[in-house]
Amino acid sequence: MHPTPRPHDLLWGLRPEHLPQEAPVWARAALGGHVPVVVRRAPAEPGWVAVGIRGAAREQRYASWMRLSDISRLVNPQSVARAGRWRAHAQRHWPALRALEYVAPHLDGLGLAWGVTGSLGFELASGIRAAHPQSDLDLTLLAPHALDRASARRLCAVLDAAPGRIDLQLETPHGAVALREWAGDAARVLLKTQRGPQLVDDPWLLQQVAA
């Protein structure tokens, strides 16, 4: 039994025949090669999860749904970080990989679970080429309790010192907010929720998110 899928988790088990008739040919071909799908943030019926299929080209992205009972394997961003496979990656000179090597000890020191997402996370988890030398480093940090804005600014300063661009999302119990946005001066920030984006004063307050 797999844990409940969360946004950015990679899932194996979706097959071409599971897709609707209008699905593009490239999406069917990708699944035929046993490519994992990525959990996306969107409503789903009970027993289902919203997913996205990645194609070989950057513009090839297809939104679909997957039965929970079809999941044969689940890899989350946190397990990618714990595995540390980037240290043996053949392209270690890439800025994203150098940035990951730099920032990993700092994130470990926070005592919070963090993970690698985006194209690099996809490649490290699946072994399928997805990243390129210009890829940014996309990270997620599980933040079950409120992170004050001063702490967010200090963490941004650490990320800005890395040898490559890093985009980090704070995953609150109610959705995700960009660290750089929370570290800014705007009174309200954009929170990505299962029901779509919402502007909130505090991403950790359920009353605001539900309003």
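Strand β8 (residues 166-172) and strand β9 (residues 175-178) pair in the antiparallel sense, and four bridges link them. Between β8 and β9 runs a hairpin of two residues. One pair to look for is L170, which stands opposite V177 in β9. Keep in mind that this is a predicted model.

Now turn to the open sheet. Five strands build it, in the order β4-β3-β2-β1-β5, and their pairing is antiparallel. Look at its two edges. β4 (61-67) and β5 (73-75) stand there, and each has a single partner strand, so one side of each is left without a neighbour in the sheet. The strands do not line up exactly: on average, neighbours in this sheet are turned by 35° against each other, direction ignored.

Go inside the sheet next. Strand β2 (residues 37-39) pairs with strand β3 (residues 48-54) in the antiparallel sense, over two bridges. Find V38, and you can trace its bridge partner in β3, which is G52.

Helices pack on this sheet. Helix α1 (residues 25-32) touches β2, β3 and β4. The direction of α1 makes about 100° with that of β3. Helix α4 (residues 118-126) packs on the sheet as well, touching β1 (10-12), β2, β3 and β5. The direction of α4 makes about 40° with that of β1.

How many of the nine residues of α4 are buried? Seven are, so α4 is largely enclosed by the rest of the structure. The buried residues of α4 are S119, L120, G121, F122, E123, L124 and A125. Just after α4 comes G127, with a positive phi of about 80°.

Glycine is one matter; other residues are another. Most residues other than glycine have a negative phi. Now find H8, in the segment before β1. H8 is not a glycine, yet its phi is positive, near 85°. Is H8 buried, exposed or partly exposed? H8 is partly exposed, because its relative accessible area is 29%, and partly exposed covers the range between under 20% for buried and over 50% for exposed.

Return to the edge strand β4, where S64 has its place. S64 is buried, with a relative accessible area of 4%. Which residues does S64 touch, leaving aside its neighbours within four places in sequence? S64 is in contact with L19, P20, R40, V49, A50 and V51.

Last, look at a pair of helices. Helix α3 (residues 95-108) packs against helix α5 (residues 149-160) at an angle of about 155°, and their axes are 10 Å apart. Angles over 145 degrees count as roughly antiparallel, and α3 and α5 are therefore roughly antiparallel to each other. The crossing in which α3 passes α5 is right-handed.

Which residues meet where α3 and α5 pack? From α3 come Y102, V103, H106 and L107. From α5 come L155, V158 and L159. Sorted by class, this contact of α3 with α5 has six nonpolar residues, one polar residue and no charged ones. Look at the spacing too. An α-helix has 3.6 residues a turn, so residues three or four places apart point the same way.

How values were computed. Residues numbered from 1 in each chain as written. Predicted model: local features only at pLDDT ≥ 70, side-chain atom pairs only at ≥ 80, totals over all residues. Heavy atoms only, no water. Pairing = 2+ DSSP bridges. Axes fitted to C-alpha atoms, helices over the stretch in contact; angles between N-to-C directions. Contact = heavy atoms within 4.5 Å. Buried < 20%, exposed > 50% of the residue type's maximum accessible area, 1.4 Å probe, protein only. Parallel < 35°, antiparallel > 145°, perpendicular 65-115°, else oblique. Left-handed = near helix turned anticlockwise from the far one by under 90°. Nonpolar A, V, L, I, M, F, W, Y, C, P; charged D, E, K, R; others polar.
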